[in-house]
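Please read the following briefing alongside the sequence and the model. It goes through one residue, its helix, the sheet, a pocket and two loop positions in turn.

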Amino acid sequence: MEIKAKDDFSKWAMGYSGCDGGNVSGPIWFCGIEYGGNEEEKLDFNELKQPLYIHDNQRKQFLAYQYNIKVAKIYASILGEDVASYLQIALRDKIFDKDSNVFKMNLYPISFHHDSDDLWQEWLYRKTGLPTKSIYRAWCQLYRFREIQKWVNGHSPKLIVATGITYKNEFIMAFDGIETIYKGNINKKNLSGRDLALLDINDSKTILAITPFLGGRYGLNSDSLLQEFGKEIRNICREKFGDNWLQ
């Protein structure tokens, strides 16, 4: 039996699905693995040709989620400010808005409570044409990731912060292509017992910084770690692009 993704799913997955959005032309992108939560059978594959963004009246509510709080804290540290001031900074800079410094996305577009393959159910097969989550991921790696590379090449962010060091190869494939995995030009740093992977991509116009997950036993699970990683990433960006790299 030939496996083929359904057309409406393909169009949806090749667009800005899986992105909370913000400013795709902004200098800083944050990328996770997939949305937390749970998709139901009402999942609609409406093609997203433009990124979504967070309006002023949604921002405080959006910043109530733990992942978004930690993104805002790293952002504060990257700016050279204290993570404790993340909320004031996020509101001041209108984080995730259409004209902000920040764009937020995920590698994979469908949301799940966790990343286990056993959450893929028959109704998802019927809607997507893809029988397992591993095949869905492989489809995204072959087709969606090419589109993500086009976003990078077209908008040239200065910095992409990818959260999930165990997914390092998938982030590299998504933002720079399969061949990059084997070039051996990844710079690794260890900060307080946790790894940070760094890579120049997009003809050296973009830094890809891959951090641990923003939480969990081995992740960035404290303000001090979020401050430390953000500071290190800031220093690397300033060294490469100059003090005014965000402008």
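**Cys 237 and its surroundings**

Cys 237 has a relative accessibility of 0% and therefore counts as buried. The model is a predicted one, and within it Cys 237 belongs to helix H8. The points below start from this residue and then move to the helix, the sheet, the second largest pocket and the loops.

**Contacts of Cys 237**

- When the neighbours within four places in sequence are left aside, Cys 237 is in contact with Leu 159, Ile 207, Gly 242 and Trp 245.
- One of these partners, Leu 159, is a buried residue of strand E4, while another, Ile 207, is among the residues that line the second largest pocket.
- Between Cys 237 and Ser 204, which are 33 residues apart along the chain, the C-alpha atoms are separated by 12 Å.

**Helix H8**

- Helix H8 has 19 residues, which at 1.5 Å a residue should span 27 Å, and the end C-alpha atoms are 26 Å apart, so the expected and modelled spans agree.
- The buried residues of H8 are Leu 225, Leu 226, Phe 229, Gly 230, Glu 232, Ile 233, Arg 234, Ile 236 and Cys 237, a list in which Glu 232 and Arg 234 appear alongside residues such as Leu 225 and Ile 233.
- These buried residues pack against helix H3 (66-78) and against four strands, namely E4 (159-163), E5, E6 and E7 (206-211).
- Just after the end of H8, Gly 242 takes a positive phi of about 100°, and Gly 242 is also one of the contacts of Cys 237.

**The sheet**

- The 7 strands form an open sheet with mixed pairing, in the order E1-E3-E2-E4-E7-E6-E5.
- Its edge strands are E1 and E5, each of which pairs on one side only.
- Strand E1 (residues 21-22) pairs with E3 in the antiparallel sense over 2 bridges, and within this part of the sheet Gly 22 stands opposite Phe 103.
- Strand E2 (residues 28-32) pairs with E3 in the parallel sense over 5 bridges, with Lys 104 of E3 as the bridge partner of Phe 30.
- E2 also runs parallel to E4, to which it is joined by 4 bridges, and here Ile 28 stands opposite Leu 159 of E4.
- E4 in turn pairs with E7 in the parallel sense over 5 bridges, and Thr 163 has Thr 211 of E7 as its bridge partner.

**Burial of strands E3 and E4**

- In a regular strand, side chains alternate between the two faces of the sheet.
- Strand E3 (residues 102-106) is largely enclosed by the rest of the structure, because 5 of its 5 residues are buried.
- On one side of E3 the buried residues are Val 102, Lys 104 and Asn 106, and on the other they are Phe 103 and Met 105, which leaves both faces covered.
- E4 is mostly covered as well, with 5 of its 5 residues buried.
- Leu 159, Val 161 and Thr 163 are buried on one side of E4, and Ile 160 and Ala 162 are buried on the other, so that both faces of this strand are covered.

**The second largest pocket**

- The second largest pocket holds about 160 Å³ of space.
- Its lining consists of Asn 187, Lys 189, Leu 198, Leu 199, Asp 200, Ile 207, Ile 236, Glu 239 and Lys 240.
- Strand E5 (187-191), strand E6 (194-201) and helix H8 (223-241) each supply at least two residues of this lining.
- By class, the lining has 4 nonpolar, 1 polar and 4 charged residues.
- Ile 236 of H8 appears both in this lining and among the buried residues of the helix.

**Loop residues with positive phi**

- Ser 156 lies in the loop between helix H6 (133-155) and E4, where it has a positive phi of about 45° although it is not a glycine.
- With a relative accessibility of 25%, Ser 156 counts as partly exposed.
- Ser 204 is placed in the loop between E6 and E7, and its phi is near 70°, a positive value in a residue other than glycine.
- Ser 204 is partly exposed, with a relative accessible area of 35%, whereas Cys 237 is buried at 0%.

Definitions and conventions:
Residues are numbered from 1 along each chain as its sequence is written. This is a predicted model: local features need pLDDT of at least 70, side-chain atom pairs count only at pLDDT 80 or more; totals for chains, interfaces and linings use all residues. Side-chain values use heavy atoms; hydrogens and water are left out. On a 1 Å grid over the protein atoms alone, a cavity is a set of points where a 1.4 Å probe fits but cannot get out, and a pocket is an open set with protein on both sides within 12 Å along at least five of seven lines; lining residues have an atom within 4 Å of a point. Grid points are joined across faces, edges and corners, and a volume is the space filled by probe spheres set on the points. Ala, Val, Leu, Ile, Met, Phe, Trp, Tyr, Cys and Pro count as nonpolar, Asp, Glu, Lys and Arg as charged, and the others, Gly among them, as polar. Buried means under 20% relative accessible area, exposed over 50%, partly exposed in between (1.4 Å probe, protein chains only). Two strands pair if DSSP finds at least two bridges between them. The expected span of a helix is 1.5 Å times one less than its number of residues. Contact means heavy atoms within 4.5 Å.
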